[in-house]
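Q: Please take a slow, close look at one pocket and the parts of the chain around it. I am a first-year student, so please explain each term when it first comes up.

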Amino acid sequence: MKFLSLILGTTALWSVATFAEAQTSIFDIPPDKAESSASLGVAAVSLDSYTGSDETDLLVLPYVNATYKGRVFINPALGAGIYAINNDKFRLGAAANVAFGRDGEDTPFVGTSYEEEFDVKTGASGKVFARAYLPFAAFDVVGTIPVGGDQEGAKLDTLLTTQVKPIKNLTLTPGVRATFNTGDWLDTNYGINARQAAASGLAPISYDDGLSTLGAHVAGYYKLGDNYEIVGVVNHSWLVGDIKDSPLTPQNTGLTVALGIARKF
């Protein structure tokens, strides 16, 4: 994706120019970031089967948020990865994560003889990400490319997130998000290909690259003493553009709610 390469490349060059004089190397981890920690627990997650679906799933999942010497990490947002740059003003790295698919029974075509034509097999994804710390917020750019499974194309998430502490022991991180996708990504999730059209009788549908989703989110962390914390997340998404009229989107929104408890080590 040209826009992904342009944004990440420009951001990386900006970081080099900004921090080259501040450290021996921008790739060194400063002492205040070179810590190791882990939070392990369990979370209950309620989410739409996919954004635009009218089916909801309830899952119980392990919660892992860990960092080793400020370089290697695993967390719910990005998966498992490594920071090339990690300091007080900028982050740059790469990660791998699961790319969850979709069952045809979660689409409006459930119960038809052709619902399996709308399965999207689960695979993996590779991510490249950058974060710039602004005076009152953090700006993130995350590019995702699928590896394996049925998902095709690529997507780019841009996020602006701030942090507030309204009461003792409670930290909230509210933010907003915009997601851009290639046409292939949108076609996999919301289009009707020739095989699906032949099976269902629907007209083929394909989409161009562009903005697909706007969102708002907030994560909360409440400390229970020195070792435990309650973690909560709410994420609401709105579809924009032509995909709102897809036969696969009976709803134009998506909601994810998660609540968990974790022990810090």
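A: The answer below starts with the whole chain, moves to the pocket and a helix beside it, and ends with some loops.

This is a predicted model, in which local features need pLDDT of at least 70 and side-chain atom pairs count only at pLDDT 80 or more, while totals for chains, interfaces and linings use all residues. Residues are numbered from 1 along each chain as its sequence is written, and side-chain values use heavy atoms, with hydrogens and water left out.

The chain holds three helices and 12 strands, where helices (H or I, at least four residues) and strands (E, at least two) are DSSP runs numbered from the N terminus. The radius of gyration of the chain is 20 Å, close to the 18 Å that the globule rule gives for 265 residues, so the chain is as compact as a globular protein of that length; this radius is taken over C-alpha atoms, and the rule is 2.2 Å times the number of residues to the power 0.38. Along the principal axes, the C-alpha atoms fill a box of roughly 60 × 40 × 30 Å. Of the 265 residues, 39% are buried, where buried means under 20% relative accessible area, exposed means over 50%, and partly exposed lies in between (1.4 Å probe, protein chains only).

Now for the pocket itself. The second largest pocket contains about 330 Å³ of space. A pocket is found on a 1 Å grid over the protein atoms alone, as an open set of points where a 1.4 Å probe fits, with protein on both sides within 12 Å along at least five of seven lines, and its lining residues have an atom within 4 Å of a point. Grid points are joined across faces, edges and corners, and the volume is the space filled by probe spheres set on the points. The lining of the second largest pocket has 19 residues, and those closest to the centre are D150, T188, N193, R195 and Q196. Two elements, α2 (183–190) and α3 (194–200), give two or more residues each to this lining, and α2 gives the most, with three residues. Sorted by class, the lining has four nonpolar, five polar and 10 charged residues; here Ala, Val, Leu, Ile, Met, Phe, Trp, Tyr, Cys and Pro count as nonpolar, Asp, Glu, Lys and Arg as charged, and the others, Gly among them, as polar.

The helix α2 deserves a closer look. Six of the eight residues of α2 are buried, and the helix is thus mostly covered. These buried residues are G183, W185, L186, T188, N189 and Y190, and T188 is also one of the residues closest to the centre of the second largest pocket. What covers the buried residues of α2 includes β7 (138–147), β8, β9, β10 and β11 (228–239).

Next comes the loop between α3 and β10 (210–224), where A203 is found. A203 counts as exposed, at 52% relative accessibility. Leaving aside neighbours within four places in sequence, A203 is in contact with I192 and A197, contact meaning heavy atoms within 4.5 Å. The C-alpha atoms of A203 and G191 are separated by 9.9 Å, and these residues are 12 apart along the chain. D208 is found in the loop between α3 and β10 too, and at 69% relative accessibility D208 counts as exposed. Residues up to four places away in sequence aside, D208 touches G183 and L186, both of which are among the buried residues of α2. The C-alpha atoms of D208 and K89, 119 residues apart along the chain, are separated by 35 Å.

Finally, two other loops show a feature of the backbone. Most residues other than glycine have a negative phi. N169, which lies in the loop between β8 (155–161) and β9 (170–181), has a positive phi of about 75° although it is not a glycine, and N169 counts as partly exposed at 35% relative accessibility. K69, in the loop between β2 (56–68) and β3 (72–75), has a positive phi near 55°, and K69 is partly exposed with a relative accessible area of 47%.
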